[in-house]
Amino acid sequence: MNYRNATITYNSFLEEYKTPFGAIKIGDLIRIRLKIEGAENPEVTLVLQKEGLGEEYILMENTNDGYHEHSFTSNQTGLYFYYFKVNYKDYNNQRTVYVGTTSLGLGGEQSIKENLWDIFP
């Protein structure tokens with residue numbers, strides 16, 4: 001998806017961005033990646049929430065190939081919800097956008113919004 005001069009891409013149905021696909025067993029290694037192009041000094045925070053618990057904010061690693069990535073091992077069963085908070089410079093202004101789904105419970109290609117309340121985790 002394009003937002004101003006930046007292109008931010010995430011699709012939970014593609015292994016390029018999330019592995020494994022589908023249900024996850026305890027002990028599985030989970031990798032989540034977001035691709036950003038055309039943004040100056042991007043910083044990406046993965047906002048992860050286990051159903052019934054509070055949000056966890058995780059700064060994603062810039063892999064210097066256009067991707068920001070975080071890997072972790074699941075140690076509990078249950079539903080996890082997530083979205084991304086992206087900060088970057090745009091024409092000398094600091095921008096914050098949110099990347100996630102705009103339809104409750106649906107994955108796939110994600111949308112970019114300026115308002116957090118337009119995103120469903």
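# Exercises on an all-strand model

Of the 23 residues in the largest nonpolar core, the ones touching the most other members are Ile8, Ile32, Leu34, Phe84 and Val86. Keep in mind that this is a predicted model. Let's work outwards from that core.

**Exercise 1. Find out which strands supply at least two residues of the core, and follow Val86 into its surroundings.**

Solution. Start with the strands. E2 (6–9), E4, E5 (40–50), E8 (67–73), E9 and E10 each supply at least two core residues. Next, pick Val86 and skip its neighbours within four places in sequence. What is Val86 then in contact with? Its partners are Ile8, Leu34, Ile36, Glu43, Val44, Arg95, Thr96, Val97 and Val99. Among them are Ile8 and Leu34, two residues from the list of core members with the most touching partners.

**Exercise 2. Take stock of the whole protein: its elements, its dimensions and its surface.**

Solution. First count the elements: there are zero helices and 11 strands. Read from the N terminus, that gives β-β-β-β-β-β-β-β-β-β-β. The radius of gyration is 14 Å, close to the 14 Å that the globule rule gives for 121 residues, so the protein is as compact as a globular protein of that length. Along the principal axes, the C-alpha atoms fill a box of roughly 45 × 30 × 25 Å.

Now look at inside and outside. Buried residues account for 37% of the 121. The exposed area is about 7,200 Å², and carbon and sulfur atoms supply 47% of it. Finally, consider contacts between residues at least 6 apart in sequence: 57% of these join residues at least 24 apart.

**Exercise 3. Trace the open sheet of five strands and work out which strands stand at its edges.**

Solution. Write down the order: E6-E5-E9-E10-E11, with antiparallel pairing. Then check the two ends. E6 (55–59) and E11 (111–113) each have a single partner strand, so one side of each has no neighbour in the sheet. Going from one strand to the next, the twist averages 25°.

Zoom in on one pair. How many bridges link E9 (residues 80–90) and E10 (residues 93–100)? Seven, in the antiparallel sense. Within this pair, Phe84 stands opposite Val99 of E10.

**Exercise 4. Sort the residues of E2 by face, then find the strand's partner.**

Solution. A useful idea to begin with: side chains in a regular strand alternate between the two faces of the sheet. In E2, Ala6 and Ile8 make up the covered face, while Thr7 and Thr9 make up the uncovered one. For the partner, look to E4: three bridges join it to E2, and the two run antiparallel. One residue match to find is Thr9, whose bridge partner in E4 is Lys35.

**Exercise 5. Decide for Thr45 and Ile24: buried or partly exposed?**

Solution. Residues under 20% relative accessible area count as buried. Thr45, in strand E5, has 12%, so Thr45 is buried. Beyond its neighbours within four places in sequence, Thr45 is in contact with Tyr57, Ile58, Leu59, Tyr83, Phe84 and Lys85.

Ile24 sits in the loop between E3 (18–19) and E4 (29–37). With 31% relative accessibility, Ile24 counts as partly exposed. Leaving out neighbours within four places, Ile24 is in contact with Ile30 and Ser74. As a last step, compare positions along the chain and in space: Ile24 and Thr77 are 53 residues apart along the chain, and their C-alpha atoms are separated by 8.3 Å.

How values were computed:
Residues are numbered from 1 along each chain as its sequence is written. This is a predicted model: local features need pLDDT of at least 70, side-chain atom pairs count only at pLDDT 80 or more; totals for chains, interfaces and linings use all residues. Side-chain values use heavy atoms; hydrogens and water are left out. Two strands pair if DSSP finds at least two bridges between them. Helices (H or I, at least four residues) and strands (E, at least two) are DSSP runs, numbered from the N terminus. Axes are lines fitted to C-alpha atoms, for helices over the stretch in contact, and angles run from 0 to 180 degrees between N-to-C directions. Buried means under 20% relative accessible area, exposed over 50%, partly exposed in between (1.4 Å probe, protein chains only). Contact means heavy atoms within 4.5 Å. A nonpolar core is a set of buried Ala, Val, Leu, Ile, Met, Phe, Trp, Tyr and Cys residues joined through side-chain atoms within 4.5 Å. The radius of gyration is taken over C-alpha atoms; the globule rule is 2.2 Å times the number of residues to the power 0.38. Accessible areas come from the Shrake-Rupley method with a 1.4 Å probe; for residues, only the protein chains shown count as cover.
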